[in-house]
Amino acid sequence: MGGHYPITLSVINLVLLISSTACLYLSSIMINIYLLPYLEVINSHFATVPYLILTIGFLLLVFSMFGMAAAGTGSRPALIIYAVVMSIVCLIEMASIFVSMELRQSLEQRLMFSTVSHSSNSYFS
């Protein structure tokens with residue numbers, strides 16, 4: 001594999017390395033500072049989302065290093081394995097998006113019900 005492909009793959013993997021660091025940092029903040037797992041009483045997705053982001057960050061970190069090694073060696077089987085694994089990581093990221101959307105919809109419905117219930121109680125009081 002010659003030309004500019006190893007350089008392009010290395011740059012893409014560097015971007016993945018930076019984004020994995022951001023995912024790890026974000027999930028650490030969600031778990032340790034915002035204490036989202038303790039809000040599982042309200043909705044189970046509060047505990048799911050930070051750990052899903054943590055898993056995605058860790059996988060991106062490991063696979064970006066693997067991608068840099070695969071690009072550096074130019075091994076065709078390593079690049080195929082890298083492409084398959086990154087496809088799986090993309091599917092996991094899509095799952096986290098849908099879980100977050102479901103959480104948001106659930107919270108909006110709960111807030112709407114709470115607001116309607118509160119306003120009707122104050123109207124009749």
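What is the mean pLDDT of the chain, and what share of its residues reach 70 or more? The mean is 80, and 88% of the residues reach 70 or more. That matters here since this is a predicted model. Confidence also varies along the chain: H3 has the lowest mean, at 77, while H1 has the highest, at 86.

Now for the overall layout. You'll find three helices and zero strands, so to read the chain along its sequence is to follow the pattern α-α-α. H1 covers residues 5-32, H2 covers residues 45-73, and H3 covers residues 76-124. Of the 125 residues in the chain, 26% are buried. If you take contacts between residues at least 6 apart in sequence, 66% of them join residues at least 24 apart. As for the outside, the chain exposes about 8600 Å², with carbon and sulfur atoms supplying 73% of that.

Let's start the tour in H1, with Ser-27. Is this residue buried or exposed? Ser-27 has a relative accessible area of 0%, so it counts as buried. Who keeps it company? Set aside the neighbours within four places in sequence, and Ser-27 is in contact with Pro-50, Ile-53 and Leu-54. Those three contacts sit within the stretch that H2 covers, residues 45-73.

Next, hop over to H3 and look for Val-89. Its relative accessibility is 3%, and that is why Val-89 counts as buried. Leaving out residues up to four places away in sequence, Val-89 touches Leu-59, Leu-60 and Phe-63. There's another residue to look at from here, too: Ile-56 is 33 residues from Val-89 in sequence, yet their C-alpha atoms are 7.1 Å apart in space.

Stay with H2 and H3 for the aromatic rings. How many aromatic pairs are there? The count comes to one. The partners are Phe-66 and Tyr-82, whose rings are 6.5 Å apart centre to centre, with 45° between the planes, and the pair is tilted. This pair links distant parts of the chain, as Phe-66 belongs to H2 and Tyr-82 to H3, 16 residues apart. The two partners have their own levels of cover. Tyr-82 is buried because its relative accessible area is 9%, whereas Phe-66, at 33%, counts as partly exposed.

Further along H3, there's some charge to look at. Side chains of opposite charge can pair when their charged atoms come close. The structure holds one salt bridge, formed by Arg-104 and Glu-108, with the closest N and O atoms 3.2 Å apart. Both residues lie in H3, four residues apart, which is about one turn of the helix. Arg-104 counts as exposed because its relative accessibility is 58%. Glu-108 comes in at 41%, so that one counts as partly exposed.

Last stop: a nonpolar patch on the surface. Which residues form it? They are Met-94, Ile-97, Phe-98 and Met-101, and together they have about 420 Å² of accessible area. Take Met-94 as one of the group. It lies in H3, and with a relative accessible area of 45% it is partly exposed. So H3 is home to buried Val-89 as well as partly exposed Met-94.

Methods:
Residues are numbered from 1 along each chain as its sequence is written. Side-chain values use heavy atoms; hydrogens and water are left out. Helices (H or I, at least four residues) and strands (E, at least two) are DSSP runs, numbered from the N terminus. Buried means under 20% relative accessible area, exposed over 50%, partly exposed in between (1.4 Å probe, protein chains only). Contact means heavy atoms within 4.5 Å. Patches are made of residues with over 30% relative accessible area and no salt bridge: like charges are joined within 9 Å, nonpolar side chains (Val, Leu, Ile, Met, Phe, Trp, Tyr) within 5 Å. Accessible areas come from the Shrake-Rupley method with a 1.4 Å probe; for residues, only the protein chains shown count as cover. A salt bridge is a side-chain nitrogen of Lys or Arg within 4 Å of a carboxyl oxygen of Asp or Glu. pLDDT is the predictor's confidence in each residue, from 0 to 100. Rings of Phe, Tyr and Trp (its six-membered ring) pair if their centres lie within 6.5 Å; planes under 30 degrees apart count as stacked, over 60 as edge-to-face and the rest as tilted.
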